[in-house]
Amino acid sequence: MILKYVTKKEWFIAALCVLAVVVNVYLELEIPDYMTQITTIISTGGEVHEVLTEGFWMLLCAFGSLIATVICAVMASYVATSLSKRLRKLEFDKVQSFSMEEMDRFSIPSLVTRSTNDITQIQMTMAMGLQVMIKAPIMAAWAISKIYSKNIEWTTATAIAIFSLMCIIACVMVFVIPKFKRIQWLTDNLNRVTRENITGIRVIRAYNAEQYQDDRFEHANKELTDTNLSTQRAMSFMMPGMSAILNGLSLSIYWIGAILIAGASDMTQQFVLFADMVVFSSYAMQVVMSFIMLVVIFMILPRASVASKRVQEVIDTEPSIVSGDMKEDTGTTGKVVFKDVSFRYPGASADTLSNISFEVTKGETLALIGATGSGKSTLINLIPRLYDVTGGTVEVDGVNVRDYDLNTLRNKVGYVSQKAFMFAGSIGSNVNYGSTSTERTEQDVERAISIAQAKEFVDKLEDRYQSDVAQGGTNLSGGQKQRLSIARAICKSPEIYIFDDTFSALDYKTDRILREELHRQIEGATCIIVAQRVGTIMNADRIIVLDEGKMVGIGKHDELLHNCPTYLDIVRSQMSDEEAGL
Amino acid sequence: MSPPQRRRGMNGRRGPPIGDTNVKNFRKAWSSLLKYMGTYRKWFLLALVLAFVSTVISLIGPDLLSEMTDIIEDGIFSGKVDMDAIFRIGILLASLYVISMVMMMVQNFILATVTQRTASRLRTDISRKVNRMPLGYFDRTTTGDMLSRVTNDVDTIGQSLNQSISTLITVIATLVGSVAMMFYTNHIMAIAAILTSIIGFVFMALIMSRSQKYFSRQQADLGRMNGLVEEIYTGYVTVRTYSGESEAKTRFDEINESLRNSGFRSQFLGGLAMPLMGFVGNLGYVVVCVVGATLYLNGTIGFGVIVAFMMYVRFFTQSLSQISQAVIVMQSVAAASERVFELLDEKELENENDKTQTLIDVKGKVEFRDVHFGYLPDKEVIHGFSATVLPGQKVAIVGPTGAGKTTMVNLLMRFYETNSGDILIDDVSTKDITRENVHNLFCMVLQDTWLFEGTLRENLVYSKEGVSDERLDEVCEAVGLKKFVDSLPERYDTVFNDNAAISVGQRQQITIARAMVENAPLLILDEATSSVDTRTEKDIQAAMDRLTEGRTSFVIAHRLSTIRNADLILVMKEGNIIEQGSHDELMELGGFYSELYNSQFTDCNDDA
């Protein structure tokens with residue numbers, strides 16, 4: 001359970017919190033005793049100043065119980081927020097250690113919910129739980145013990161009331177609460193259909209599929225409405241039922257009281273009974289109210305338990321990739337060697353990559369080309385250890401990537417993904433990003449931006465390098481984001497550049513100029529390029545042709561044209577024979 | 001100058017802050033909501049009447065209970081308790097409680113039904129509305145904003161509509177009733193009780209108003225936390241490969257600490273409301289007892305009055321604290337329904353039921369006649385475009401990003417209406433036939449691959465009826481999906497959901513297959529193959545070529561090789577067609593097209 005993350009100090013505070021609750025309950029239950037006194041004083045013809053004295057003490061009790069509640073609220077909030085802060089941190093740090101495999105398994109939206117909403121849910125339940133969940137049973141038990149011995153008839157009436165309340169609670173737990181979970185799922189489902197309707201609006205119109213979508217939506221809507229209706233209707237009987245029990249109990253206490261008093265032998269006994277009746281009714285109210293409070297807890301508890309299970313699941317996941325400890329300089333730079341590498345995605349039935357061997361040395365350009373799903377992106381993800389190989393070894397600068405400290409390994413690599421990603425911040429903070437950012441100067445940033453052909457548009461912005469970038473880079477165009485993400489890699493001046501189909505988002509002209517510039521400026525660095533356009537890679541030092549995870553050709557453009565039919569196919573699909581040099 | 005509809009800001013997602021809903025909007029929103037309820041309205045009113053009556057009954061309760069106490073007390077002094085009177089009052093009270101309970105249950109049941117049905121109808125109407133709005137609306141709003149109206153806002157209405165009004169009615173009835181009953185029973189005690197409660201509440205309000213600050217700080221911190229987590233998780237590849245984890249952790253720690261701080265304060269202050277209320281209740285109680293005792297000893301009142309007042313004070317303080325809550329809930333319902341009705345009142349597409357002309361078997365001649373168009377009235381992007389495409393011709397639209405290529409498709413499909421000029425298919429203006437008819441003439445594959453959760457078959461067949469498995473096999477074979485389909489556990493009946501591992505390329509192949517299943521006489525491909533590698537593309541192209549035989553087709557692509565053999569190439573730049581002709585003609589011309597084309601095959605190594 002999630003409670004194992006509560007520290008000793010917090011347990012201690014929680015214990016103090018229980019103590020405060022006990023004091024609070026004690027004082028609250030003292031109040032009816034003073035009422036008895038007041039009642040007796042009034043009915044036996046006492047003086048007003050006596051009432052005032054008792055009233056003063058009663059008010060003091062009320063104030064004391066308020067103070068105890070405040071102390072309890074402070075401590076409960078402290079424990080709840082400290083725990084949720086710790087859980088959030090644990091979860092965030094854990095996710096930071098996840099490799100692609102775990103990220104894919106949980107999916108990003110789910111991880112976001114687990115790190116935010118789920119934890120807020122736990123915090124709320126915890127804070128409320130420490131105050132109400134502890135108080136309700138203590139209050140109920142104590143109040144019952146106070147009145148238990150007073151009178152058997154009244155006690156029986158109270159017991160019947162409690163039993164009826166328990167029946168209602170049981171009904172709610174059995175019939176309604178399971179449906180709450182289903183409602184959550186149905187709401188998500190409805191949201192999804194709606195999202196699909198909006199994102200696919202053009203397709204829907206183009207296919208005249210409005211009716212089809214309406215039907216799908218109506219189906220989801222009906223399911224949700226029906227479930228909502230049945231729970232809401234069930235709940236509509238609960239509160240009136242409870243207040244009827246509450247009212248019925250106070251009526252029966254008075255009614256029974258009247259019978260008892262009528263039957264009592266002398267006046268003194270009658271007065272004692274009368275005072276007891278007033279007190280008993282107020283204790284009985286406390287008992288019933290405590291049970292009603294418990295219902296509220298029972299309704300929020302299932303949600304919190306789901307949330308804590310989901311959080312726990314993330315924290316308990318062991319990342320499949322663990323950092324090594326090699327931090328030293330190896331003496332060589334820019335060398336990547338694949339030795340008989342195979343890779344299979346978890347749960348997949350076949351290898352995505354099999355028996356890949358090659359070597360790239362400092363300053364060389366290696367290109368990867370092949371059909372969709374041939375494993376190009378998978379292959380390059382193995383170099384910065386975003387995934388671990390399932391067979392063979394990948395070596396960088398003569399050392400197995402598994403032995404490296406992950407930061408050391410990844411600092412050698414400048415990786416540019418297919419889809420450019422921008423952080424909220426400024427142009428400068430996006431380009432000069434990562435653990436080595438403090439080593440870079442403003443000149444480095446400017447140089448990187450200019451090589452990446454982003455200078456022109458950055459200069460046009462009002463604040464140039466300090467210009468704001470919105471989250472996800474929504475205020476930049478696709479091409480601008482891609483150029484900045486290339487600049488980010490250049491700024492790092494890594495030994496090895498990896499471009500995962502980075503250039504196809506650029507138009508041909510920018511693509512060409514950028515690659516020319518890159519070639520001139522990053523001399524000495526190794527370059528690994530995944531591409532779809534033959535034009536982008538035909539002058540590479542070596543080209544690897546992948547087909548369904550296997551290497552079907554390796555060599556220069558001219559060689560491959562003659563000895564690799566797959567390559568020839570690809571080339572012919574893109575250019576005429578004379579352009580290809582045939 | 002400004003677009004016809006009001007643009008919504010980013011904060012639309014969370015809904016306007018409660019304070020922004022002024023009285024006029026509040027009334028307008030509620031009246032439109034009540035109007036919308038239609039036939040449910042009379043049920044709704046019945047529920048309110050029931051709420052009122054049952055409240056009144058529950059207020060009579062203490063009075064009768066106090067009468068009972070007085071009888072008992074009189075009995076003690078007279079030596080004989082009037083059991084007949086006790087029995088009479090007891091039965092009366094019991095029946096009143098039962099009646100009140102039944103009325104409350106009926107009231108709750110009605111409100112639950114009315115609310116859920118109304119919410120359901122709102123959802124349906126919004127969903128239908130989405131299909132009837134011009135596409136321009138979706139350009140102006142974010143998906144998140146729309147989504148939030150269908151879900152969050154309707155949910156708010158669904159959860160709060162039943163509570164808000166009935167709570168308010170109950171609370172007001174209780175408040176007025178308990179004050180009236182107090183004064184009716186004894187005015188001195190009434191004044192004492194009310195004064196004490198009000199003083200207590202002013203004190204409480206002072207403390208609680210301080211907490212508001214921390215609540216908004218907590219909301220802000222939560223927002224920052226969500227933003228950071230979403231960003232770091234979404235961009236994890238970049239974070240990992242640049243070792244940005246420690247920087248992310250530093251940023252996280254700072255927000256986490258701030259959130260703990262504001263969370264602690266608001267949690268604590270929020271938790272104080274209940275105990276404070278309890279204290280105010282107790283205070284009132286003591287005052288009632290002390291004042292009551294004084295009066296009792298003077299012989300002004302019976303003991304029953306004190307018993308009754310204990311109840312009235314509880315009712316009074318409870319309803320006083322509920323009233324502000326009820327108002328807040330009503331305001332949030334108003335804010336939510338305002339946003340929902342704002343959407344439902346949006347301008348719709350022009351009704352086309354009067355258009356009788358239909359085009360079915362078209363030859364495929366398409367003519368653009370001096371087309372002018374702009375997404376915003378004052379900003380024209382297509383300035384007088386004319387061209388004629390003969391049946392069966394393949395048209396390629398080329399140009400840099402933002403040149404207006406997609407706009408041409410939007411106009412062809414009548415997703416948008418031209419400002420002036422005309423587009424004709426087989427010499428019939430597309431304005432003279434229904435949009436539905438226009439859509440039927442085209443099959444289209446868009447830049448964005450759109451799949452929905454459902455089986456592969458549903459995604460392929462989509463709204464078309466009577467498609468056989470043989471036809472599906474044929475199509476999947478043609479677009480190179482056969483192997484993929486065979487690898488699926490349930491073949492065409494495999495369910496695709498968020499977790500399904502479908503690559504971008506496969507997604508695109510599926511959408512192409514969908515277009516092939518549709519099999520309409522005209523074809524539009526908008527960058528349809530940009531994520532498919534060139535070899536797969538070649539396969540698809542071959543299939544497409546078979547499909548395009550005899551069909552007029554429009555192709556937009558960055559990849560010039562795929563459009564090299566088009567019959568007509570339209571080169572667009574800044575909304576204008578600057579060059580027009582076949583590949584060879586345009587190359588010979590040596591203009592913008594040839595420059596664009598040549599840049600593909602000149603490599604950096606040439607300069608080295």
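Residues 24 or more positions apart account for 79% of the contacts in chain A with a separation of 6 or more. This is the starting point for a tour of a predicted model, and chain A is the chain to select at the outset.

**Chain A as a whole**

With chain A displayed as a cartoon, the viewer shows a secondary structure of 20 helices and 12 strands. Chain A has 582 residues, of which 46% count as buried.

**Helix 1 and A:Val21**

Select next helix 1 of chain A, residues 8-43, and within that helix the residue A:Val21. Is A:Val21 buried or exposed? A:Val21 counts as buried because 25 C-beta neighbours lie inside 10 Å, and the cut-off for a buried residue is 20 or more. Leaving out residues up to four places away in sequence, A:Val21 touches A:Cys72, A:Ile134, A:Lys135 and A:Ile138. For A:Ile138, a distance can be drawn in the viewer: its C-alpha atom is separated from that of A:Val21 by 8.3 Å, although the two residues are 117 residues apart along the chain.

**Helices 2 and 4 of chain A**

Proceed to helix 2 (residues 48-97) and helix 4 (residues 108-115) of chain A, whose axes come within 10 Å and cross at roughly 155 degrees. Helix 2 of chain A is therefore roughly antiparallel to helix 4 of chain A, since angles over 145 degrees are classed in that way. To display the contact, select A:Arg88, A:Glu91, A:Phe92 and A:Val95 on helix 2 of chain A, together with A:Leu111, A:Arg114 and A:Ser115 on helix 4 of chain A. Coloured by class, the contact of these two helices has three nonpolar, one polar and three charged residues.

**Helices 6 and 8 of chain A**

The next pair to select is helix 6 (residues 152-199) and helix 8 (residues 210-263) of chain A. The axes of helix 6 and helix 8 of chain A are 9 Å apart, and the packing angle is about 165 degrees. How are the two helices oriented? The angle makes helix 6 of chain A roughly antiparallel to helix 8 of chain A. The crossing of helix 6 of chain A with helix 8 of chain A is left-handed. Their contact comprises 25 nonpolar, 13 polar and five charged residues.

**Strand 6, A:Val416 and A:Ile498**

Move now to strand 6 of chain A, residues 413-416, where A:Val416 is found. A:Val416 is buried, because 24 other C-beta atoms lie within 10 Å. Residues up to four places away in sequence set aside, A:Val416 touches A:Ser485, A:Ile486, A:Ala489, A:Ile498, A:Phe499, A:Asp500 and A:Thr502. A second distance may be drawn to A:Phe503, 87 residues apart from A:Val416 along the chain, with 9.9 Å between the C-alpha atoms.

A:Ile498 deserves a selection of its own. Apart from its neighbours within four places in sequence, A:Ile498 is in contact with A:Ile380, A:Ile383, A:Val413, A:Gly414, A:Tyr415, A:Val416 and A:Ile528.

**Chain B as a whole**

Display chain B next. Chain B has a secondary structure of 18 helices and 12 strands. Of its 608 residues, 44% count as buried. In chain B, 80% of the contacts with a separation of 6 or more are between residues 24 or more positions apart.

Within chain B, select helix 10, residues 405-412, which is mostly covered, with six of its eight residues buried. Which residues of helix 10 of chain B are buried? They are B:Lys405, B:Thr407, B:Met408, B:Val409, B:Leu411 and B:Leu412. After helix 10 of chain B comes B:Arg414, with a positive phi near 60 degrees.

**Where the chains meet**

With both chains visible, select the contact between them, which takes 125 residues from chain A and 118 residues from chain B. On the side of chain A that touches chain B, helix 8 of chain A supplies the largest share, 26 residues. That side of chain A divides into 57 nonpolar, 46 polar and 22 charged residues.

**The nonpolar cores**

The last selection is the largest nonpolar core, which has 222 residues. The members touching the most other members are A:Ala452, A:Ala487, A:Ile498, B:Ala193, B:Val288, B:Phe309 and B:Tyr312. Helix 8 of chain B, residues 245-298, gives the largest share of this core, 20 residues. A second, separate core has 87 residues, including B:Leu33, B:Leu122, B:Ile157 and B:Phe385.

Technical notes:
Residues numbered from 1 in each chain as written. Chains lettered and ligands numbered in written order. Predicted model: local features only at pLDDT ≥ 70, side-chain atom pairs only at ≥ 80, totals over all residues. Core = buried A, V, L, I, M, F, W, Y, C linked by C-beta atoms within 7 Å. Buried ≥ 20, exposed ≤ 12 C-beta atoms within 10 Å, placed from the backbone. Helix = DSSP H or I, 4+ residues; strand = E, 2+ residues; numbered from the N terminus. Contact = placed C-beta atoms within 7 Å. Axes fitted to C-alpha atoms, helices over the stretch in contact; angles between N-to-C directions. Parallel < 35°, antiparallel > 145°, perpendicular 65-115°, else oblique. Left-handed = near helix turned anticlockwise from the far one by under 90°. Nonpolar A, V, L, I, M, F, W, Y, C, P; charged D, E, K, R; others polar.
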